[in-house]
Amino acid sequence: MRLQRQFVAAIAVAALLVLAGCTGSAVSGADAPTGDRTVQVAADGSVEVAPDRATVRVSVVEEGDAVGDVRERLAANSTEVREALESAGHDVTSARYDIDRNYRSERDPTAAEFVGRHSFVVRVDDPDAAGDAIVTAVESGAARVEQVTFGVSEETRRSLRNDALTEAMTNAETKAETVATSGDLSITGVSSVSTVSLSADPVVRERVAYASADSAGGAPTRLDAGTVTVTANVVVTYNATAA
């Protein structure tokens with residue numbers, strides 16, 4: 001009889017343990033998370049600033065019926081232009097050199113048979129001095145002013161990119177809050193951020209325009225530098241919960 005009672009008690013304990021296990025599973029299932037919710041938005045930010053440097057592209061051009069003559073005059077005038085610009089304190093880099101057949105001669109019998117060009121990129125640290133650099137180049141022998149670009153130094157660009165990124169993130173948060181509210185969600189934090197693009201758009205003055213020493217108005221001495229725009233684009237994913 002005693003052995004029978006022990007057997008029945010053991011069965012009862014086992015049954016309680018099974019029921020306890022089932023109850024625990026049921027509670028765990030009811031409290032399980034319904035899944036991550038996210039809100040993803042794209043936003044941009046931009047900052048404008050006055051340029052702190054300029055780049056001027058000028059060319060020495062020579063024409064002639066013999067390649068050798070064109071080469072000699074091109075070398076002499078190019079040297080004069082470079083030395084004049086460097087004496088004025090500008091950094092000068094050779095950008096292009098070529099001597100080609102002058103295709104204009106096919107239409108005009110009086111035109112020279114060959115044309116040579118030597119182009120220079122002139123970096124001007126003071127944007128207000130871009131016009132003076134043009135005058136120096138033209139008066140020392142440059143035949144064309146092809147382009148003037150106003151921009152910012154790398155140090156300034158990095159600083160402005162940080163400002164643009166900060167604005168982009170602020171705009172992204174505002175967008176995310178709007179989207180979340182409309183979907184009965186609440187933003188809880190940032191899940192991930194990716195930078196789509198970062199750009200610093202210079203101000204370009206095309207064709208300042210073939211200014212030459214014998215042109216009627218002469219080379220311009222003051223140019224409108226405008227403003228440089230630095231832009232950042234981001235995509236931000238936010239964690240969210242039901243409001």
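# Exercises on a predicted model

Arginine 82 counts as partly exposed, because its relative accessibility is 24%. The model is a predicted one. Work through the exercises with the structure open.

## Exercise 1: A pair within one helix

**Task.** Find the salt-bridge partner of arginine 82. Then say how the two residues are placed in the helix.

**Solution.**
Step 1. Look for the partner. Arginine 82 pairs with glutamate 86, and their closest N and O atoms are 3.7 Å apart.
Step 2. Check the distance against the cut-off. A salt bridge requires the nitrogen to be within 4 Å of the carboxyl oxygen. The 3.7 Å of this pair qualifies.
Step 3. Place the pair. Both residues belong to helix H2 and are 4 residues apart, about one turn of the helix.
Step 4. Classify glutamate 86. Its relative accessible area is 40%, so glutamate 86 is partly exposed. The class in between runs from 20% to 50%.

## Exercise 2: The faces of H2

**Task.** Which residues of H2 are buried, and how are they arranged around the helix axis?

**Solution.**
Step 1. Check the length. H2 has 21 residues, and at 1.5 Å a residue these should span 30 Å. Its end C-alpha atoms lie 30 Å apart, so expectation and model agree.
Step 2. List the buried positions. They are Val70, Leu74, Ser78, Val81 and Leu85.
Step 3. Look down the axis. The buried residues of H2 fall within an arc of 70°, so they line one face of the helix.
Step 4. Turn to the other side. There, Glu72 and Ser87 are exposed.
Step 5. Find the cover. The buried residues of H2 are covered by elements including E2, strand E3 (91–101), E4 and H3.
Step 6. Look past the helix end. Glycine 89 follows H2, with a positive phi near 95°.

## Exercise 3: A mostly covered helix

**Task.** How many of the 10 residues of H3 are buried, and what covers them?

**Solution.**
Step 1. Count. In H3, 7 of the 10 residues are buried, so the helix is mostly covered.
Step 2. Name them. The buried ones are Ala130, Gly131, Ala133, Ile134, Val135, Ala137 and Val138.
Step 3. Find the cover. E2, H2, E4 and E5 are among the elements over the buried residues of H3.
Step 4. Look past the helix end. Glycine 141 follows H3, and its phi is positive, near 130°.

## Exercise 4: The largest core

**Task.** How many residues form the largest nonpolar core, and which elements each supply at least two of them?

**Solution.**
Step 1. Give the size. The largest nonpolar core holds 23 residues. Val56, Val58, Val122, Val124, Val145, Val148 and Phe150 have the most contacts inside it.
Step 2. Trace the suppliers. At least two residues of this core come from each of E2 (53–64), H2 (67–87), E4 (114–124), H3 (130–139) and E5 (144–151).
Step 3. Find the largest share. H3 gives it, with 5 residues.
Step 4. Zoom in on valine 122. Beyond its neighbours within four places in sequence, valine 122 contacts Ala54, Thr55, Val56, Val58, Leu85, His90, Asp91 and Val92.
Step 5. Look elsewhere. Another core, of 12 residues, lies apart from the largest one and includes Ala176, Ala180, Tyr238 and Ala240.

## Exercise 5: Salt bridges compared

**Task.** Place the partners of two more salt bridges, aspartate 98 with arginine 117 and arginine 158 with glutamate 154.

**Solution.**
Step 1. Take aspartate 98 and arginine 117. Their closest N and O atoms are 3.7 Å apart. Aspartate 98 is in strand E3 and arginine 117 in strand E4, so the bridge ties together parts 19 residues apart in sequence.
Step 2. Classify aspartate 98. Its relative accessible area is 14%, so aspartate 98 is buried.
Step 3. Take arginine 158 and glutamate 154. Their side chains meet at 4.0 Å, N to O. They sit 4 residues apart in helix H4 (residues 154–182), so about one helical turn separates them.
Step 4. Classify this pair. Arginine 158, at 47%, is partly exposed. Glutamate 154, at 38%, is partly exposed.
Step 5. Look for shared partners. Arg96, Asp98 and Arg117 are joined into one network by salt bridges.
Step 6. Widen the search. The whole structure has 10 salt bridges.

## Exercise 6: The whole protein

**Task.** How many helices and strands does the protein have, and in what pattern do they follow?

**Solution.**
Step 1. Count. The protein has 4 helices and 8 strands.
Step 2. Read along the sequence. The pattern is α-β-β-α-β-β-α-β-α-β-β-β.
Step 3. Consider burial. Of the 243 residues, 31% are buried.

Key. Residues numbered from 1 in each chain as written. Predicted model: local features only at pLDDT ≥ 70, side-chain atom pairs only at ≥ 80, totals over all residues. Heavy atoms only, no water. Core = buried A, V, L, I, M, F, W, Y, C linked by side-chain atoms within 4.5 Å. Buried < 20%, exposed > 50% of the residue type's maximum accessible area, 1.4 Å probe, protein only. Contact = heavy atoms within 4.5 Å. Expected span 1.5 Å × (residues − 1). Arc of directions from axis to C-beta.
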